[in-house]
Amino acid sequence: LQPGLAATTGLEVDRARTIDFMGDEARVYATPMLVRDIEVACRNLLLQHLDPGEDSVGTRVAIDHIAATLLGMPVTLTVRIQAVEGRAVVFEVDGRDAVEPIVRGQHARFIVDVAKTAQRLAAKAQKAKEG
């Protein structure tokens, strides 16, 4: 992994990705779904370069959702590794729909050993039961 490594993901804003609280005429890409799509894009880039048994978890999201994207519009998300410090990876994120830029920002992920993470989570679940 090194800074500069990038990937582009294309998707369409389907109904499940939109807000519903302003009526059908105002169904636009929901910020929480945009964040999810950014996380997936970054994780997918990392997975191409990780060892078997490794994965990553999100640790930080800092974005500006700068334009509304209508239901049915295509979106392109570009994620680029900005920094790698040990197991911590910071991504620069840019996205646009068919008309204009819609998002810019950063996302950080931490590379984990899946088996060790499962053990830590099981230990925490046990503590929660006892506490």
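Helix H2 (residues 114–130) lies across strands E2 and E5 and runs at about 85° to E5. Helices (H or I, at least four residues) and strands (E, at least two) are DSSP runs, numbered from the N terminus. Axes are lines fitted to C-alpha atoms, for helices over the stretch in contact, and angles run from 0 to 180 degrees between N-to-C directions. This is a predicted model, in which local features need pLDDT of at least 70 and side-chain atom pairs count only at pLDDT 80 or more, while totals for chains, interfaces and linings use all residues. Residues are numbered from 1 along each chain as its sequence is written, and side-chain values use heavy atoms, with hydrogens and water left out.

**The sheet**

- Five strands form an open sheet in the order E1-E3-E4-E5-E2, with antiparallel pairing (two strands pair if DSSP finds at least two bridges between them).
- E1 and E2 stand at the edges with a single partner strand each, so one side of each has no neighbour in the sheet.
- From one strand to the next, the twist averages 25°.
- Helix H1 packs on this sheet, touching E1, E2, E3, E4 and E5 (contact means heavy atoms within 4.5 Å), and its direction makes about 140° with that of E2.

**Strand E4 and its partners**

- Antiparallel strands E3 and E4 are joined by ten bridges, and Val75 stands opposite Asp97 in E4.
- The hairpin of E3 and E4 has two residues between the strands, and Gly86 takes a positive phi near 65° there.
- Nine bridges join E4 to E5, which also run antiparallel, and a hairpin connects these two strands through three residues.
- Across this pairing, Phe91 is opposite His107 in E5, and Val93 is opposite Gly105 in E5.
- The covered face of E4 holds Val89, Phe91, Val93, Gly95 and Asp97, whereas Ala88, Val90, Glu92, Asp94 and Arg96 make up the uncovered face.

**Helix H1**

- The 17 residues of H1 (residues 31–47) should span 24 Å at 1.5 Å a residue (1.5 Å times one less than the number of residues), which agrees with the 24 Å between its end C-alpha atoms.
- Among the buried residues of H1 (under 20% relative accessible area, 1.4 Å probe, protein chains only) are Leu34, Ile38, Ala41 and Leu45.
- An α-helix has 3.6 residues a turn, so residues three or four places apart point the same way.

**His49**

- His49 lies in the loop between H1 and E2.
- His49 is partly exposed (between the 20% limit for buried and the over 50% for exposed), with a relative accessible area of 39%.
- His49 touches Leu1 and Leu5, not counting residues up to four places away in sequence.
- The C-alpha atoms of His49 and Leu1 are separated by 6.8 Å, although the two are 48 residues apart along the chain.
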